[in-house]
Amino acid sequence: MPLSDAIEAVKRISRDLVVLPGSEEYDGITKSYFSELERELKPACFLTPSSVSQVADIVKAIKPFAGRSTVAICGSGQQATPGVANVHHGLTIHLRNLRGIEIDTEKKIVSVAAGERMGKVYETVMACRTWCSGLSYFSYARGFVCDNVVNYEIVLASGEIVNANAETNRDLWIALKGGGNNFGIVTRFDLSVFEQGQLWGGKIFLGYAAALGDIMCMNDIFCLNPGKPKALEPFADIQPQIDQMKTLRVDSLKSFTDEAFAGALANRVVKMSTSVKADTEILEYAVKTYHASFEKLKGVKNLLFSISFEPVPVSLIEQSISRGGNSLGLKTSDGPLVVVLFYTSWDSPSDDKIVYEVNKEALETIDSEAQRKKVSAAYRYLNYTLTHQDPISSYGSESKTHLQAVSAKYDPEGFFCHS
Ligand SMILES: Cc1cc2nc3c(=O)[nH]c(=O)nc-3n(C[C@H](O)[C@H](O)[C@H](O)COP(=O)(O)OP(=O)(O)OC[C@H]3O[C@@H](n4cnc5c(N)ncnc54)[C@H](O)[C@@H]3O)c2cc1C
């Protein structure tokens, strides 16, 4: 059945919910996606609910006419993977108008509507003395962000609005922690908060000789106390540094977040990653592979190409488990791990092919070496995978079976499910 029937059905709820091509609003939403690869997907329309009941009404209205391949859900469009939060010629349910942040200081919970941006959340929780939410600077002590979601409010494929937490719909709560958008549209996240003053941290940049290819090294370091700790001195004081670019300071979490997202709109971007055990030799091998890949990409116009190491220490996995568990399938015996992220941005579609091929080849090379050295890891980080990768299977068969069972229970017709 044509999507125009679905659009008409939504218009019958309210014409204001439908944002059509050619309008200023449509162009504004398109421009807000982080990567050009998402921006160049042009949905038949954006559907922009501003309340949970409107989300439910939209789901009920479009379900007879649309399916998984024609519907996308967008929070704020900051994930780089093309097609995760937008769909060409389909219907993109964009949650940007779903607003509201409420703090319950007694229960130490902040409730965040799905269209809010983190900067605003920080601003609000910090205005309320010094509470702040458990985000990735805190992962080593508090687990992944999803581990700190104590309740999800979610619209299911039936249009029913339910809550998922440790007591109610616990199986769905676990599935939503890492299982992606396969179960419904989350309309509100209730996150636990904790007291946090100013932090010490920021970025330092290390410059190398042009003979090495003008490659720069950036070190992003943080401490939850407002001062440089001895343990981080070797990382903070390493030389030679580019002093003009150094941002180490004592500051608020909001300020550090603003710094991370400054000028965040990019051109074409892909992020691809693998994971390995925290083993020095394999990390050195990954850097060597990065250098070799950089040589192959040198002809790409306006290239920005980086490798990052993001640690997943055992303490993080312990926190995930102690906060009720998630879907990622990580056991403490798996850690410590390092997520090896390749980030590429470039200008021209004519370079897409070489960028994809070189990145894929680089990660395959690292994976093979990691397997040979027996330091490989199955886990793939969902935020940093590309479409040919399979993060859900990487969680292991037990977790994947759970996710499939939850999908079958809460969405028996598979409206939201990626097969
Ligand atoms: C400058 C920059 C820095 C970043 N740094 C980090 C970092 O440090 N750590 C990190 O993990 N990531 C980082 N990211 C990646 C990005 O922030 C995450 O991928 C984030 O999860 C994207 O959130 P979003 O709401 O924009 O999701 P979107 O891009 O809108 O969507 C991502 C996926 O989630 C689904 N989805 C979104 N909202 C909902 C909902 N309410 N219900 C159901 N499904 C939904 C979408 O369908 C899609 O599949 C960074 C990105 C940028 C641009």
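The ligand comes first. In this predicted model, 21 residues surround the ligand. Gly75, Ser76, Gln78, Gln79 and Asn181 are the closest of them. Three elements each give two or more residues to that shell: strand β3, residues 71-74, strand β10, residues 185-195, and helix α9, residues 253-261. What is the make-up of the shell by class? Twelve of its residues are nonpolar and nine are polar, while no charged residue takes part. For those who set up the electrostatics of such a site, I repeat that the shell has no charged residues.

I turn now to the domains. The domain assignment divides the protein into domain 1, residues 3-94, domain 2, residues 101-196, and domain 3, residues 199-397. Between the C-alpha centres of domain 1 and domain 2 the separation is 23 Å. The contact between these two domains involves ten residues of domain 1 and ten residues of domain 2. Which element supplies the largest share of the side of domain 1 that touches domain 2? That element is helix α4, residues 52-62, with five residues. By class, this side of domain 1 consists of six nonpolar, two polar and two charged residues.

Helix α4 also packs against helix α1, residues 3-13. The two axes lie 8 Å apart, at an angle of about 145°, and the crossing of α1 and α4 is right-handed. On the α1 side we find Ala6, Ala9, Val10 and Ile13, which meet Asp57, Ile58, Ala61 and Ile62 of α4. Seven residues of this contact are nonpolar, none is polar and one is charged.

The last pair of helices is α10, residues 280-297, and α12, residues 352-372. Their axes come within 10 Å and cross at roughly 160°. Why do we describe α10 as roughly antiparallel to α12? The reason is the crossing angle of roughly 160°, because angles over 145 degrees count as roughly antiparallel. The crossing of α10 and α12 is right-handed.

As for the residues involved, α10 contributes Ile282, Tyr285, Ala286, Thr289, Tyr290, Ser293, Lys296 and Leu297. From α12 come Ile354, Val355, Val358, Ala362, Thr365, Ile366, Glu369 and Ala370. Taken by class, the contact of α10 with α12 holds eleven nonpolar, three polar and two charged residues.

To close, I return to two points. The shell around the ligand combines nonpolar and polar residues without charged ones. Helix α4 gives five residues to the side of domain 1 that touches domain 2, and α4 also packs with α1.

Note on methods: Residues are numbered from 1 along each chain as its sequence is written. This is a predicted model: local features need pLDDT of at least 70, side-chain atom pairs count only at pLDDT 80 or more; totals for chains, interfaces and linings use all residues. A residue is near a molecule or strand if its C-beta atom, placed from the backbone, lies within 6 Å of it. Helices (H or I, at least four residues) and strands (E, at least two) are DSSP runs, numbered from the N terminus. Ala, Val, Leu, Ile, Met, Phe, Trp, Tyr, Cys and Pro count as nonpolar, Asp, Glu, Lys and Arg as charged, and the others, Gly among them, as polar. Domain bounds come from an automatic or database domain assignment. Two residues are in contact if their C-beta atoms, placed from the backbone, lie within 7 Å. Axes are lines fitted to C-alpha atoms, for helices over the stretch in contact, and angles run from 0 to 180 degrees between N-to-C directions. A crossing is left-handed if the near helix is turned anticlockwise from the far one by less than a right angle, and right-handed if clockwise.
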